[in-house]
Amino acid sequence: MVLYGKSPVYGIVDGQQRLTTITMLIAAIRDTMVDYELQALAESVQNLIERDDLNTNKQFVIQTETSYPYFHDHIQ
C-alpha cells in the first residue's frame, strides 16, 4: 500500500482495492451478526467501518470516489 498526506487523513495511492475488499468482508461479518441477533457485536464491528470525527459526526474510515455512492449506501 502507498499512502500520502498527514495524520489523521491519508490518501491512498495504491491499495484501494485491497481496502475495499477488507471493508466488504467486515460488512459481511457485521450483517451476519445482525442475522444472529448479536446487535452489540455488530455495532462494534461497524466501528471498524465508520467512526466519529472530532465533531462527533460519523465518517467512513475509507472514503472512496470510484464506487460512490453504491459502496457507502449498500456496503458500508
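**Notes on salt bridges, a buried threonine and a surface patch**

1. Let's start with Asp52, which has a relative accessible area of 46% and is therefore partly exposed. Please keep in mind, as you look at this residue and the others below, that the model is a predicted one.

2. What does Asp52 pair with? Its salt-bridge partner is Lys58, and the closest N and O atoms of the two are 3.5 Å apart. Lys58 has a relative accessibility of 48%, so this residue counts as partly exposed. Buried would need a value under 20% and exposed one over 50%, and Asp52, at 46%, falls in between.

3. How many salt bridges does the structure hold? There are 2 of them. Besides the Lys58–Asp52 pair, Arg30 forms a salt bridge with Asp31, where the closest N and O atoms are 2.9 Å apart. The surroundings of these two residues are worth a look on screen. Arg30 counts as buried because its relative accessibility is 11%, whereas Asp31 is partly exposed with a relative accessible area of 37%.

4. Is Thr23 buried or exposed? Thr23 counts as buried, because its relative accessibility is 7%. This threonine belongs to helix α1, which runs over residues 16-35. Leaving aside residues up to four places away in sequence, Thr23 touches Ile49, Ile62, Phe71 and Gln76. If you would like to inspect one site by eye, displaying Thr23 with these four contacts is a friendly place to begin.

5. Now for helix α2, residues 39-46, whose buried residues are Ala42, Val45 and Gln46. Why are they said to be on the same side of α2? Around the axis they cover an arc of only 105 degrees, so they share one side of the helix. And what covers these buried residues? The cover includes α1 and β3 (50-52). Helix α1 thus turns up twice in this note, as part of the cover over α2 and as the helix that holds Thr23.

6. Finally, a look at the surface. Which residues make the nonpolar patch of about 340 Å²? The patch is made by Met1, Leu3 and Tyr10. Met1 sits in the segment before β1 (2-6). With a relative accessibility of 56%, Met1 counts as exposed, because the cut-off for that class is over 50%. Met1 is thus an exposed member of the patch, in contrast to Thr23, which is buried at 7%.

Conventions. Residues are numbered from 1 along each chain as its sequence is written. This is a predicted model: local features need pLDDT of at least 70, side-chain atom pairs count only at pLDDT 80 or more; totals for chains, interfaces and linings use all residues. Side-chain values use heavy atoms; hydrogens and water are left out. Helices (H or I, at least four residues) and strands (E, at least two) are DSSP runs, numbered from the N terminus. Buried means under 20% relative accessible area, exposed over 50%, partly exposed in between (1.4 Å probe, protein chains only). Contact means heavy atoms within 4.5 Å. Patches are made of residues with over 30% relative accessible area and no salt bridge: like charges are joined within 9 Å, nonpolar side chains (Val, Leu, Ile, Met, Phe, Trp, Tyr) within 5 Å. Accessible areas come from the Shrake-Rupley method with a 1.4 Å probe; for residues, only the protein chains shown count as cover. A salt bridge is a side-chain nitrogen of Lys or Arg within 4 Å of a carboxyl oxygen of Asp or Glu. The arc is that of the directions from the helix axis to the C-beta atoms.
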